[in-house]
Amino acid sequence: MSDTLDDLAVLAPAPATDRRRLRLPWHLRLLEAATAYLPVLLMGALALSTWWLVNVSPPPEAARPPAPPRHEPDYTMQRFTVQRFAADGHLRVQIEGTEMRHYPDTDTLEIDSPRIRAFALDGQVTNASAKRALANGDGSEVQLFGAAQVVREAARGQAALEFRSEFLHAFLDTERVRSHLPVQVRRGGAEMRADGMEYDNLARTVELKGRQRATFAARPRP
């Protein structure tokens, strides 16, 4: 009786799922197995690609310091007129020229054939001209190169004061003029020459440096 039961157990029909798997062709069974393990395969492929990218990517470069600005003009103007006004609205400086170039690295203006008019607080006018000029951003400080001339117009019974040199450095706000090159100073009938000079209009002083020579016009006899 036991042998008969064992035979029946062997001959018992397989479950429906096993019968369907047994009936599938081998390539479909392989596809079914691959589909079941597809998420695991994708995760492995992603981890492998990430590891490969980390190894083949170049190391990050060290932070480079910003490059210093080059001494090149960021804008130019031809046949221009620039004016600077005080806080109370009065005109302080007017600059004209054939061409102006602005350099952002030094905030300076390079001017060809400059013509400058500066107005003091008391209304007195100072004119300046040269072949070339270099001014700061607001025009309050001007260096004149080549046939430089600064003339302070006559006022209040005083004769005009004139400076001539190949280089003059004018400080328009503080009303000072200086030069380290030979200079010629004229006022009325007097003319003075020196190797350099310092002029301070507010202090009413002219300091002549180096070798000096002066010429005074003779006064007419009464």
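## Strands β6 and β7

In this predicted model, strand β7 (residues 141–152) runs antiparallel to β6, and 4 bridges join the two. One bridge pairs Ala135 with Val142 in β7. The two strands form a hairpin, with 4 residues between them. Gly139 sits in the turn and has a positive phi of about 75°.

β6 covers residues 132–136. Which of its side chains are buried? Ala133 and Ala135 are buried, and they point to one face. Arg132, Leu134 and Asn136 point to the other face and are not buried. In a regular strand the side chains alternate between the two faces of the sheet.

## β6 and β3

β6 also pairs with strand β3 (residues 108–112). This pairing is antiparallel and has 5 bridges. Ile111 stands opposite Ala133 of β6. Ala133 is one of the buried residues of β6.

## Salt bridges

Side chains of opposite charge can pair when their charged atoms come close. The structure holds 15 salt bridges. One of them joins Arg92 and Asp173, with the closest N and O atoms 3.9 Å apart. Arg92 lies in strand β2 (residues 91–103), and Asp173 lies in the loop between β8 (161–171) and β9 (176–179), so the pair ties together parts that are 81 residues apart in sequence. Arg92 counts as buried, at 15% relative accessibility. Asp173 counts as partly exposed, at 37%.

Arg178 forms a salt bridge with Glu198. Here the closest N and O atoms are 3.5 Å apart. Arg178 lies in strand β9 and Glu198 in strand β11, so this pair ties together parts that are 20 residues apart in sequence. Arg178 is partly exposed, at 30% relative accessibility. Glu198 is partly exposed too, with a relative accessible area of 23%.

## A further pair and a network

Arg193 and Glu191 also meet through their side chains in a salt bridge, at 3.1 Å from N to O. Arg193 is partly exposed, with a relative accessible area of 35%. Glu191 counts as partly exposed, at 21% relative accessibility.

Which residues are joined into one network by salt bridges that share partners? They are Glu99, Arg101, Glu110, Asp112 and Arg132. Arg132 belongs to β6, where its side chain points to the face that is not buried.

## The largest pocket

Rolling a probe the size of a water molecule over the atoms shows where empty space is left. The largest pocket holds about 160 Å³ of space. It is lined by 14 residues. Closest to its centre are Leu161, Arg187, Tyr199, Arg204 and Val206.

Which strands each supply at least two residues of the lining? They are β10 (183–187), β11 (190–200) and β12 (205–216). β11 also holds Glu198, the salt-bridge partner of Arg178.

## A nonpolar surface patch

Leu48, Trp51, Trp52, Leu53 and Val56 make a nonpolar patch on the surface. The patch has an area of about 580 Å². Val56 is found in helix α4, which spans residues 38–56.

Is Val56 buried or partly exposed? Val56 is partly exposed, with a relative accessible area of 45%.

Definitions and conventions:
Residues are numbered from 1 along each chain as its sequence is written. This is a predicted model: local features need pLDDT of at least 70, side-chain atom pairs count only at pLDDT 80 or more; totals for chains, interfaces and linings use all residues. Side-chain values use heavy atoms; hydrogens and water are left out. Patches are made of residues with over 30% relative accessible area and no salt bridge: like charges are joined within 9 Å, nonpolar side chains (Val, Leu, Ile, Met, Phe, Trp, Tyr) within 5 Å. Accessible areas come from the Shrake-Rupley method with a 1.4 Å probe; for residues, only the protein chains shown count as cover. A salt bridge is a side-chain nitrogen of Lys or Arg within 4 Å of a carboxyl oxygen of Asp or Glu. Buried means under 20% relative accessible area, exposed over 50%, partly exposed in between (1.4 Å probe, protein chains only). Two strands pair if DSSP finds at least two bridges between them. On a 1 Å grid over the protein atoms alone, a cavity is a set of points where a 1.4 Å probe fits but cannot get out, and a pocket is an open set with protein on both sides within 12 Å along at least five of seven lines; lining residues have an atom within 4 Å of a point. Grid points are joined across faces, edges and corners, and a volume is the space filled by probe spheres set on the points.
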